Amino acid sequence: MLSHIQPYQRPQNAKNALEAYIYALRNRLYEGLAPFLKDADRDALAGRLSALEDWLYDEGEDETKSVYVAKLQVCAHAHACARMLPRV
C-alpha cells in the first residue's frame, strides 16, 4: 500500500513528499471532506496538520530520511482513510 514511499533516496525528497501530503490533506479537509465533517472535527484535524507543518519547518528542518518517511506513512494512512469516504 505504501510502496510509493520507499523510493525516496534522500532526506530532501522525503521531506518534500511529507510537505505535499500535508497540503493535500488540508485541501481535502476543506473541499472533498467538508460535507462529511463537523466543523470542530475539521478544525482539530487542520490543527494537527498545522502542527506537523510547523514541526517540518522548525525542529524537523534537518531530520533524517527515516523520520520523514515515518511521518509520511502516518499522513498516507490518514489520506487513504479519507479517500474511502464517499464524494459529493
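Trainee: What share of the contacts between residues at least 6 apart in sequence join residues at least 24 apart in the protein chain?

Mentor: In this predicted model, the share is 72%. A contact here requires heavy atoms within 4.5 Å.

Trainee: Which pair of residues 30 apart along the chain can serve as an example, and what separates their C-alpha atoms?

Mentor: Leu52 and Ile22 are such a pair, with their C-alpha atoms 7.9 Å from one another. Leu52 belongs to helix H2, residues 39-57. Leaving aside residues up to four places away in sequence, Leu52 touches Ile22 as well as Leu18, Lys71 and Cys75.

Trainee: Why is Leu52 called buried?

Mentor: The relative accessible area of Leu52 is 16%. The term buried applies under 20%, and therefore Leu52, at 16%, is classed as buried.

Trainee: Which residues of H1 are buried?

Mentor: Among them are Leu18 and Ile22, together with Ala14, Tyr21, Leu25 and Leu29. The list also includes the charged residues Lys15, Arg26 and Arg28. In an α-helix there are 3.6 residues a turn, so residues three or four places apart point the same way.

Trainee: How do you know that the span of H1 is close to the expected one?

Mentor: Helix H1, residues 11-30, has 20 residues and reaches 29 Å from its first C-alpha to its last. The expected value at 1.5 Å a residue is 28 Å, and the two are therefore close.

Trainee: What makes α-α-α the pattern of the protein chain?

Mentor: The protein chain holds three helices and zero strands, and reading along the sequence gives α-α-α. Of its 88 residues, 32% are buried.

Notes:
Residues numbered from 1 in each chain as written. Predicted model: local features only at pLDDT ≥ 70, side-chain atom pairs only at ≥ 80, totals over all residues. Heavy atoms only, no water. Helix = DSSP H or I, 4+ residues; strand = E, 2+ residues; numbered from the N terminus. Buried < 20%, exposed > 50% of the residue type's maximum accessible area, 1.4 Å probe, protein only.
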